[in-house]
Structures are given as structure tokens and as C-alpha cells.
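These are my notebook entries on one protein chain. I record here what I looked up and what I found.

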Amino acid sequence: MIYGFFIREFRFIFNSSANRILMSMAELKKTIKLKLDLEPGESEKVNEIMCRYAEAVNFLLKRCSALLLQNRRLGKDSFEGVCSNCGQKSKIVSSGSLGQLCNECWKGKLSYPALRKEFIPTKKRRVLASKNVYLAARGISASSVDVAFSHTKQILASWFGADRKRQRQLKNLKKRLQLWKEVLENKKIEMEGKHVDARVVIPPGPKQRMPRFKHVLHPAEYKGRTLTGIKAAIEKIEKRIRRLEKEPTPPKFRGETMWLKNTSVKFLDEKTVKLALNGHKFITKFFTVDVKREKSRAFLLDRVRRILEMQEKGIRAYPQLSVENGSYYLNFPIRISTQVPEPDGSFGVIGVDRGINNIIAAAAINHPHGKPHHLWFEGGKDLRSLQIRKKWLRHKMQKIAAEQRDLGKRFRLGRKLRSMRGEGAYSKNLFHNIAKRVVSRAKELYPDGRVVIAMEDLKELRPVRGKKYERALNYMLSSFAYRRLQQLIKYKAEEAGIPVVLLPPEWTSTTCSKCGHNDPANRPGSGGFFRCTRCGYTMNSDLNAAINIANRFYEKLNLKNGRQQR
């Protein structure tokens, strides 16, 4: 399932206990994946159609990306000059193979509507044979070309977005490199009309054996580096700059998916669909009734009924046809409307802490600073073992690749690493099951639906510095897909009508859930043990954080009296 976005409308609803609850209508956009039961002859025809579609997309990608790369927009580097196209003096936004172009001329030649006219002919508009997409992908229909161009636009937007990110990183790295070189060479720089030393000596600390230095432009709290550390940092930055300065390869389309128009797919009943592809029509069944598990069969039938309702109402949807391991799938977007209550102080809270030792630690409480009545873990021992094994194999193969290169032999490391992608599929399935169990437990503990799931809003996990276990811990932090798990819990909970609240994560792991004392010394070492330095309270550190997250929800509401104990 693919999680989309929400559209909310607020209204009041009254429950049986005569308590008024503010509700919101949440519309979830998801994609249902249906396996098609095509005959052998139909499969060959569909495969041929998808090949023609892939040829059209790759032709458009090659031509459009070449033009756009040769005539990049200058951005902040734009200048005043004479436009090569219109001959007027104005602001030049691009200078490339088409000459110097002003903004209006650039839009007229390189915007997506202009590129469409350049490569897609019509009855009233002709194009050069070398630029004709119908000659590049012979036998493709006009409707398929129209969808292929939309697909090309999305691929190019994603690729150029990644390229802009690469250029920003390159610019920032060059600035950092210049600062460290000025510190290493102790250059004089100009600041506020004065010439000052770029190097600043850090006062020695109690455990500092070697002198440390930093740049005068570095923040005051920065602890600096030793001369050896500065040289190592320069070498590392130069290596990253060399890697980023390589021009990225233009985007390519592998032909695994095919976009379809809204009118290309029509569901005839709960197990038959009609496809119109490139002028050919197919009436085929898909696997819903034949699914073995009764729960899965009911789930699929419910989704298909929703698709039929959408067709009756005339709601537009843009499905996709995909191929995986020789089987064809129809990915159809659907809309699900649910009612999600707005939580208040009468709601119970399930605090969820995400971590490395335990993927999930959860605690359920009914009022502020109350005793949790349910505690549970969702372990990740198998996932952690898989990550460690993958890291060991990668290190081993990198060593073999270096030895082979020294002998003048080629060793395709990328192909070997791609063969170890089982971790991604395993973690995705594991996170789906964990999210489903968290939502199921919330529905069991609070049958009336008056519950909210509280989680930390983890936007980024910063690397740990200055610790013995720095590299190992940073590898585990970077390997943990905390954002994916958050999104899965959020959309599964809202689909079940349970609100989710994201709270600030500061000090949840070092604060005592019993007395409220906050001290980094409460977490001795890197294990899962918590001991309060004030009251002596001890418990598992992940559970302590989960209780703090639950209590923080009530603190956010600024309530004195919450829900009574059940």
C-alpha cells in the first residue's frame, strides 16, 4: 500500500455517553495492487505494448534531458545582456547551446509545453524525423504518447531535483574545505574591515593532550580539531568533492511500469477488468476470490467495491500497469474516508518510543503522570543481525575489490552489493506488521475509540561524536528507517479512526518518568538501563521514554485532571 495525504473537514459528533467529541473527516489516498490473470498470448501482447511505451519514454528522456542540461538556468548567477533569440537587452537566465536566453525565450523554447511541441507531432504540426517520437517507438498510439510525456516530466523533475541537491552539497563542501585550509595554513582574512588570523586556538581542556584549532567563523561552542584531524578532514572533504563533481548519468526508464489514462481501465465486476492499451482491448480476471486466506480475500473485495463506487460516481483515477517476475499487476489508486476524533484530556494515551535495541517500546496511560497499565516491546533482533551481516559482507567485498583493482582486474562491486537487498524487503514487511500490531493493541485497550497514539517527531538523527562507539552507533542510527515506521503507524492508525500526535523528542530518554528529574547521568553507558540520580527509580530506558512521551501529550494540552483510571 502507498500512503497518500489527508483532506480534513471538521464537524461535531455525539457518542453514547453524551460527551461531545470534535471529529474530522480524513480522506486517505492509497493504491491497491491487483494481480492480473492474463492468457499467454495476452501477456506477450501486453509485454510488446509496454516495450513500445518504454521506448517512447526513453526517447523523450534522452532528448529533453540533453536540451535542459545544455541550457541550464543560471539561477543567482544570471546577468544583464542581449538575448540571442529576441535581440532585446534583458536579464539572461540561461547560456548554452541555444545561446543567451531571457526568461520569456527560455520558457518559449525549453518549458514542458514547448518540449511537447518539439517532439510530438499532430495533424497541424510537423516535427523533424530525428525528433519524432512516433518514429522512435513505432506502433505507439497518441494516447500512450501523451501519458509517456507526463511520465517523462515526473522522472525529469525527480532527477533534476536530485541534481540540484548534489550541487548544493558541492557548494557547501567547497566552503568547508576553504575554511579548513585557511586554518591549516593560518591565513589572514578580512573581517569587518580588519585583517585577522583565520586560526583560533581552543583553550586546553582537562583531558586535552594536543592543541585544537578552529576557524574564526566557526560557532563559539565548536570544540575544533587537532592538526592531524584537520588534515584528515581536508582529505575526506576533497574525496567527497571529487565524487560529487562527476556529472551524473542522464535518467533512464527501465520499463517496469506503464502509466494509464482514467478511461483505459474499467472494472466490470468484482473479478473482471477491461483494459484499453495502445488501441487493443483486454478483458481479464484478477485474483481476489481465489485468495486462500479469508481475511485477505475480504480485504481485496472491499477495495474492489470501493473502486466500483468511484467509477459509478465518475471520480477520476490514474492507475498504473506494472510487471514483476513475469506477472502483471494493476496498481489502482483509491480513496478511503474515515472519521478521526480530535483528542482531548479525556483520551487515553499510548506513548510509542522508537529505538535500535527495541524497534518499539509502548506504554498506555489514562491520565497525566499516571501509572501505565500496559507495557510492551516489539524487538528487532533479527533485523539488527541482518544489518550487521550486510555491513560485514560489504566491508569484505570492498577489500576484495581493492585487491582486484591493484592486480589490474575489474570487480563489479555494485552488482554484488545489489544482491544483498533482502534487508530492505524484510524491514518493510517487519515495520508493516509492527504498525498493524500497535494499532490493533490500541483498539483492544480502548474499545470506545477514545485513545491517541503519541510519538516523537524525529526529523533527523544527528551523528554522535566524541564517543568510543561513535562509528558503530552512527551506522545503526543511519540504518534505522525511523521515518518509514512513523508514517506506517500514522496512516494505519488514521485509517482505523485513531488520531496520532507527534511531539518534541527533547529529553524523553534522560528524564525520570516518576519524579521528572532530567539528567544525562540517568542513562549510564549505551545499554537499555535507566536509573534516576535523584529518586533512584530504575527501569528499562525505552519504556521510560515511552511513558515520558505519553505524559508529554497531557503537558501539551496543559491539563491538571485527565481521564480516570479504567
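**Entry 1: a small question on strands.** How many bridges join β3 to strand β4? I note at the outset that the model is a predicted one. I looked up the pairing and found 4 bridges between β3 and β4 (residues 89-96), the two strands running antiparallel. As a single example I took E80, whose bridge partner in β4 is K91.

I then followed the sheet outwards. It is an open sheet of 3 strands in the order β3-β4-β5, and the pairing is antiparallel. I listed β3 (79-82) and β5 (99-102) as the edge strands, since each of them pairs on one side only. From one strand to the next, I read an average twist of 65°. Helix α2 (residues 103-110) packs on this sheet, where I found it touching β4 and β5. The direction of helix α2 makes about 105° with that of β5.

**Entry 2: the chain as a whole.** I counted residues and elements next. The chain has 566 residues, of which 39% count as buried. Its secondary structure comes to 13 helices and 22 strands. I also checked the contacts with a separation of 6 or more: residues 24 or more positions apart account for 63% of them.

**Entry 3: aromatic pairs.** I searched the whole structure for aromatic pairs and obtained 7. I entered F59 and F119 as an edge-to-face pair, with 6.4 Å centre to centre and 85° between the planes. This pair links distant parts of the chain, because F59 belongs to helix α1 (residues 40-70) and F119 to helix α3 (residues 112-119), 60 residues apart. I found both F59 and F119 buried.

Why is the pair of F267 and F332 edge-to-face? I found the ring centres 5.4 Å apart and the planes at 90°, and an angle over 60 degrees counts as edge-to-face, so the pair of F267 and F332 falls in that class. This pair also links distant parts of the chain: F267 is in strand β11 (residues 265-267) and F332 in strand β15 (residues 327-341), 65 residues apart.

I checked burial for both rings. The relative accessible area of F267 is 3%, and that of a buried residue is under 20%, so F267 is buried. F332 counts as buried as well, at 4% relative accessibility. I further noted that F267, F286 and F332 form one aromatic cluster.

**Entry 4: charges over rings.** I looked for arginines placed over aromatic faces. R73 lies over the face of W106, at 4.8 Å from the ring centre. I recorded R199 over the face of F213, at 4.8 Å from the ring centre.

**Entry 5: T508.** Is T508 buried or exposed? I found a relative accessible area of 3% for T508, which makes this residue buried. I located T508 in the loop between β20 (500-503) and β21 (529-531). A polar atom of the T508 side chain lies 3.2 Å from the backbone oxygen of P505. Leaving aside neighbours within four places in sequence, I listed the contacts of T508 as E456, N544, A545, N548, I549 and R552.

Key
Residues are numbered from 1 along each chain as its sequence is written. This is a predicted model: local features need pLDDT of at least 70, side-chain atom pairs count only at pLDDT 80 or more; totals for chains, interfaces and linings use all residues. Side-chain values use heavy atoms; hydrogens and water are left out. Rings of Phe, Tyr and Trp (its six-membered ring) pair if their centres lie within 6.5 Å; planes under 30 degrees apart count as stacked, over 60 as edge-to-face and the rest as tilted. Buried means under 20% relative accessible area, exposed over 50%, partly exposed in between (1.4 Å probe, protein chains only). A charge sits over a ring if NZ of Lys or CZ of Arg is within 6 Å of the ring centre and within 35 degrees of the ring normal. Two strands pair if DSSP finds at least two bridges between them. Axes are lines fitted to C-alpha atoms, for helices over the stretch in contact, and angles run from 0 to 180 degrees between N-to-C directions. Contact means heavy atoms within 4.5 Å. A polar contact is a pair of N or O atoms within 3.5 Å; within protein, one must be able to donate a hydrogen and the other to accept it, and residues adjacent in sequence count only if both atoms are side-chain atoms.
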